[in-house]
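Let's take a walk through a protein fold together. Keep the picture open and follow along as we go.

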Amino acid sequence: MTFEERARRVKLLVLDCDGVLTDGGLAYDEEGRITKRFDVQDGLGIKAGQHMGLDFAVISGLDHAGVARRIKDLGIKHYFAGHVQKLPILDALCAELGIRYDEIAYMGDDWVDAAPMARVGLPLAVPNAQPEIRALAAWVASAHGGHGAVREAVVMILKAQGTYEQAYRHWSG
């Protein structure tokens with residue numbers, strides 16, 4: 001099956017958080033609180049994908065209130081925090097949503113993403129991912145995590161599915 005055929009099948013895009021939705025950095029304030037930075041273009045890409053029927057999930061190894069807030073603001077219904085063993089979460093999602101692994105794209109950057117990436121139909125990575133993760137990926141974004149990589153992935157999937165122009169028209173007025 002070609003890459004485009006695999007992308008056409010995608011119904012669910014699963015994202016790691018740190019290093020994919022964010023740049024992976026942890027900024028501590030003077031009181032020891034952690035802050036994270038998200039890219040607004042990634043956010044609009046997610047909203048555009050949702051508008052075109054693409055579902056999203058986020059599985060994060062860390063549990064952070066700021067991430068939970070961003071996920072809620074984006075309308076992502078499937079959020080799993082504090083899970084470094086991600087394959088059991090994907091198994092449960094497949095059962096809950098009635099989808100197969102070949103209908104899932106997964107974007108990761110580090111070793112905890114290896115098991116799900118090896119299983120899904122369309123494994124994706126950010127360019128600054130660990131070498132083993134880039135090797136598993138069928139596609140690597142040109143933008144780094146937290147700097148538009150998710151938007152690139154959504155655009156790539158929408159183009160393969162023939163819905164990119166419709167999504168653009170919806171948001172461009």
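What follows goes from the sheet to the helices around it, and then to a few single residues.

First, some ground rules: this is a predicted model, where local features need pLDDT of at least 70, side-chain atom pairs count only at pLDDT 80 or more, and totals for chains, interfaces and linings use all residues. Residues are numbered from 1 along each chain as its sequence is written, and side-chain values use heavy atoms, with hydrogens and water left out.

Start with the sheet. It's an open one with six strands in the order 5-4-1-6-7-8, and the pairing is parallel. At its edges sit strand 5 (78-81) and strand 8 (139-140), each pairing on one side only. Strands here are DSSP runs of E with at least two residues, helices are runs of H or I with at least four, and both are numbered from the N terminus. Two strands pair if DSSP finds at least two bridges between them.

Now zoom in on strand 4 (residues 55-60), which pairs with strand 1 (residues 12-16) over five bridges. Leu12 stands opposite Asp55 of strand 4, and Leu15 has Val58 as its bridge partner. Val58 also has a bridge partner in strand 5, namely Tyr79. Four bridges join strand 4 and strand 5. Five of the six residues in strand 4 are buried, where buried means under 20% relative accessible area, exposed means over 50%, and partly exposed lies in between (1.4 Å probe, protein chains only).

Where do the helices come in? Helix 4 (residues 65-74) joins strand 4 and strand 5 in a right-handed β-α-β unit. Right-handed means that, with the strands pointing away from you, the path from the first strand over the helix to the second runs clockwise. Helix 5 (residues 87-97) lies across strand 1, strand 4, strand 5 and strand 6 (104-108).

Finally, meet Asp18, which belongs to helix 2 (residues 17-21). Asp18 counts as buried because its relative accessible area is 15%. Its side chain makes polar contacts with the side chains of Thr22 (3.5 Å) and Lys36 (2.5 Å). A polar contact is a pair of N or O atoms within 3.5 Å; within protein, one must be able to donate a hydrogen and the other to accept it, and residues adjacent in sequence count only if both atoms are side-chain atoms. Next to Asp18 in the numbering, Cys17 is buried because its relative accessibility is 0%.

How values were computed:
Contact = heavy atoms within 4.5 Å. Axes fitted to C-alpha atoms, helices over the stretch in contact; angles between N-to-C directions.
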